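Me: Could you walk me through the aromatic pairs and the nonpolar surface of this model?

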Amino acid sequence: MGKKDAGATKLPVDQYRKQIGKQDYKKTKSSLKATRLKAELKRSSTGFRDAFLVIAAVLFFLLCVYAFFYLNLSTEINMDLDVD
């Protein structure tokens, strides 16, 4: 019986801490929602950034191939003109 009576009476300090915890939760609930939205935007933006990087890499590769063939063909044409 002694344990039940001790648990029933709460210390004022514990009640105060509980009230502060509730208030803190109420304050952070809206900020947690804002933080969650920011994190979701970051996740979606990384997909866009990754897609952009892949497209940029493919375009750079095609530009290198084009430059390689352009330089090789232009030097061959000049060599043909010099031989005649």
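Here are a few questions on those two topics, with replies.

Reply: Happy to help! This is a predicted model, where local features need pLDDT of at least 70, side-chain atom pairs count only at pLDDT 80 or more, and totals for chains, interfaces and linings use all residues. Residues are numbered from 1 along each chain as its sequence is written, and side-chain values use heavy atoms, with hydrogens and water left out.

Me: How are the rings of Y66 and Y70 paired: stacked or edge-to-face?

Reply: Rings of Phe, Tyr and Trp (its six-membered ring) pair if their centres lie within 6.5 Å; planes under 30 degrees apart are stacked, over 60 edge-to-face, the rest tilted. By this rule there are 2 aromatic pairs. In one of them, the centres of Y66 and Y70 are 6.3 Å apart with planes at 15°, so the pair is stacked.

Me: And what is the angle between the planes of F68 and F69?

Reply: F68 and F69 form an edge-to-face pair. Their centres are 5.5 Å apart, and the angle between the planes is 65°.

Me: Is V54 buried or exposed?

Reply: Buried means under 20% relative accessible area, exposed over 50%, and partly exposed in between (1.4 Å probe, protein chains only). V54 has 53% relative accessibility, so this residue counts as exposed.

Me: Where does V54 lie?

Reply: Helices here are DSSP runs (H or I, at least four residues), numbered from the N terminus. The one holding V54 covers residues 12-83 and is helix α2.

How values were computed:
Helix = DSSP H or I, 4+ residues; strand = E, 2+ residues; numbered from the N terminus.
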